[in-house]
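Colleague: Mind if I quiz you on this one? I'd like to hear the reasoning behind each label, not just the label.

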Amino acid sequence: MRELTHFIGGKHVKGTSGRFADAYQPMTGEVISRVPLASKAEMRAAVENAKAAQSAWAATNPQRRARVLMKFLEVMARENDALADLLAREHGKTIADAKGDIQRGIEVVEFACGIPHLMKGEFTEGAGPGIDIYSIRQPLGVVAGITPFNFPAMIPMWKFAPAIACGNAFILKPSERDPGVPLRMAELMIEAGLPPGILNVVNGDKEAVDAILEDPDIQAVGFVGSTPIAEYVYTKGTASGKRVQCFGGAKNHMVIMPDADMDQAVDALVGAGYGSAGERCMAVSVAVPVGKKTADELVKRLIPRTESLKIGPSTDNAADFGPLVTQAHLDKVKSYVELGVKEGAKLLVDGRGFTMQGYEKGFYMGGCLFDDVTPDMRIYKEEIFGPVLSVVRAKDYEEALALCTDHEYGNGVAIFSRDGDAARDFASRVQVGMVGINVPIPVPLAYYTFGGWKRSAFGDLNQHGPDSIRFYSKTKTITSRWPSGVKEGAEFTIPTMK
Ligand code: NAD
């Protein structure tokens, strides 16, 4: 068992709080590392380190900052197999899926390499007599990111790549359940030429998060995790004057219209519903077939596909998905299945009894499929975050649309249809932040922005894409008058453009 460290000022630093959390290898159920949980004093030391390094980094020209990110891409490519193996062991997802996790983060680093262009300001010559106006973007200073367990490579990169590119110093507080990859990425950044102190990883739990939210030198906080914690971080962070964006939980619906290509829809549902054991904020957890005939046909096809899902250890290349992240999370997901039965939903496939031969202590369960789920049930209202797919039957298109719109979460949604009119109407009217048309997991690419609506996000700028540059920098507008010799005398009224 490894004892992990923090990574502060370009060096591994041992935890001194005396508090630790166990991190597991979900495929075997073993504890593989002890994660130090930072005290407020340890967080403060990291922030001071970051603050001391930040102004020189901000003064480094943007092309040089971009070159560090380009070099980071090279070292990440070299380390890809090792990182994917470490990620799969700590998280439980398959190695192929771990590579996807890394790749979707890499794409945001690639986007951030365009920082010389992305940070360009605006200029108006001759806005008045001898007057020019221009705006520039400047970094905020020290900023922080607090990230969840389910994408331990991608989401840290979504946060630190644009922040660092803008000239900030960054404090990353990764999930205490799988911090190995974030720590390794911080080391690789140093190898890529990032000055020490610009990317720091401080491990911890609520105490470390509160230290971030209370620290007067942290200017902005980007959070991703469950909705109750997202709301807490947003409320507390904004109350102490910080710029805060928080992305929370989800309950993503997929509407299947009567004219949909049923083979395509079923493939999409099993992949997006059960991939990564359902532990994705863009997982499809609710299927909404429109009309009885569509529903009966869909369910008939989903049953054998759910029963034949291949569950395996993370290192099994043939597995569809691996174990869940911890025993506690597995117990929670199973308890939701029990609740669904009690609430009167029809459990068509029950994966709770699944055990993995040779890996009996791992956190495995098979796929579960419910039919006749209704909007009043808790299994419909709450995020389960496991391999559980619920079918909610809608009598017509309007009812299906209303289900997606009325749900308190609004992260992602999809419609499967051959009817362009219906798809276009759906995309326009649905109250959800990311929409897929015959695409089940509509995660926008790095140069667009990612973010949900309603209780899936707090704050008004999305992550990655142009919003990430806006979030991690501030605008300054300069009005200048040349030649300075223009004389107009003292003006006592507000200057206007006559
Ligand atoms: P989580 O809310 O338990 O943890 C997220 C972060 O908050 C972690 O760093 C954790 O250490 C910290 N934290 C936990 N409890 C805290 C507390 N009481 N006070 C302060 N900080 C605390 O989330 P998770 O289980 O790691 O991740 C899964 C959740 O993240 C799901 O709800 C999923 O939908 C969501 N998620 C959302 C997005 C998105 O972009 N909307 C993306 C990925 C995951």
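Modeller: Sure. One definition to start: contact means heavy atoms within 4.5 Å. And keep in mind that this is a predicted model.

Colleague: Fine. With that cut-off, which residues is M157 in contact with, leaving aside its neighbours within four places in sequence?

Modeller: F72, M76, I102, G105, I106, V108, V109, P162 and M185. Each has a heavy atom within 4.5 Å of M157, so each counts as a contact.

Colleague: What makes a set of residues a nonpolar core?

Modeller: The residues have to be buried, of the right nonpolar types, and joined through side-chain atoms within 4.5 Å. The largest such core here has 93 residues. Those touching the most other members are F72, M76, I102, M157, F160, F170 and I171. Helix α6 (residues 154-165) gives the largest share of this core, 9 residues. The core also draws at least three residues from each of domain 1 (2-248 + 456-478) and domain 2 (252-437). Another core, of 65 residues, lies apart from it, with V255, A265, A394 and A423 among its members.

Colleague: Why would such residues gather like that?

Modeller: As a general tendency in soluble globular proteins, nonpolar side chains are buried together.

Colleague: Next, the domains. What is the chain divided into, and how far apart are the C-alpha centres?

Modeller: Into domain 1 (2-248 + 456-478) and domain 2 (252-437). The C-alpha centres of domain 1 and domain 2 are 31 Å apart. Their contact takes 19 residues from domain 1 and 24 from domain 2.

Colleague: How do you know where the largest pocket lies relative to the two domains?

Modeller: From its lining. Domain 1 and domain 2 both give residues to the lining of the largest pocket, so it lies between them.

Colleague: What else can you tell me about that pocket?

Modeller: Its volume is about 940 Å³, and 39 residues line it. F149, R177, G225, S226 and I229 lie nearest the centre of the pocket. At least two lining residues come from each of α8 (206-214), β11 (218-224), α9 (227-239) and α12 (327-343). α12 gives the most, 5 residues. By class, the lining has 17 nonpolar, 12 polar and 10 charged residues.

Colleague: What makes a space a cavity rather than a pocket?

Modeller: The way out. In a cavity a 1.4 Å probe fits but cannot get out, whereas a pocket is an open set of points. The count comes to 3 cavities of 30 Å³ or more.

Colleague: Which residues lie nearest the centre of the largest cavity?

Modeller: G278, R280, A283, S285 and F385, out of a lining of 15 residues. The largest cavity holds about 100 Å³ of space. By class, its lining has 7 nonpolar, 5 polar and 3 charged residues.

Colleague: And what lines the second largest cavity?

Modeller: F151, M154, I155, W158, V224, F247, G248, C281, N411, F450 and Q463. The second largest cavity has a volume of about 60 Å³, and α6 gives the most to its lining, with 3 residues. That lining has 8 nonpolar, 3 polar and no charged residues.

Colleague: Let's do some single residues. Is S39 buried or exposed?

Modeller: Buried. S39 has 17% relative accessibility, and the cut-off for buried is under 20%, so the label holds. S39 is found in the loop between β5 (30-36) and α1 (40-59). S39 and S17 are 22 residues apart in sequence, yet 5.5 Å apart in space, C-alpha to C-alpha. Beyond its neighbours within four places in sequence, S39 is in contact with S17 and E207.

Colleague: Why is T306 called buried?

Modeller: Because T306 has 3% relative accessibility, and buried means under 20%. T306 lies in helix α11 (residues 292-307). Not counting residues up to four places away in sequence, T306 touches Y274, V349, G367, C368 and L369.

Colleague: Last one: why is E191 called partly exposed?

Modeller: The relative accessible area of E191 is 42%. Buried needs under 20% and exposed needs over 50%, so E191 falls in between and is partly exposed. E191 lies in helix α7 (residues 180-191) and touches V75 and R78, not counting residues up to four places away in sequence.

Definitions and conventions:
Residues numbered from 1 in each chain as written. Predicted model: local features only at pLDDT ≥ 70, side-chain atom pairs only at ≥ 80, totals over all residues. Heavy atoms only, no water. Buried < 20%, exposed > 50% of the residue type's maximum accessible area, 1.4 Å probe, protein only. Helix = DSSP H or I, 4+ residues; strand = E, 2+ residues; numbered from the N terminus. Domains from an automatic or database assignment. 1 Å grid on protein atoms, 1.4 Å probe; cavity = no way out; pocket = protein on both sides within 12 Å on 5 of 7 lines; lining within 4 Å. Points joined across faces, edges and corners; volume = space filled by probe spheres on them. Nonpolar A, V, L, I, M, F, W, Y, C, P; charged D, E, K, R; others polar.
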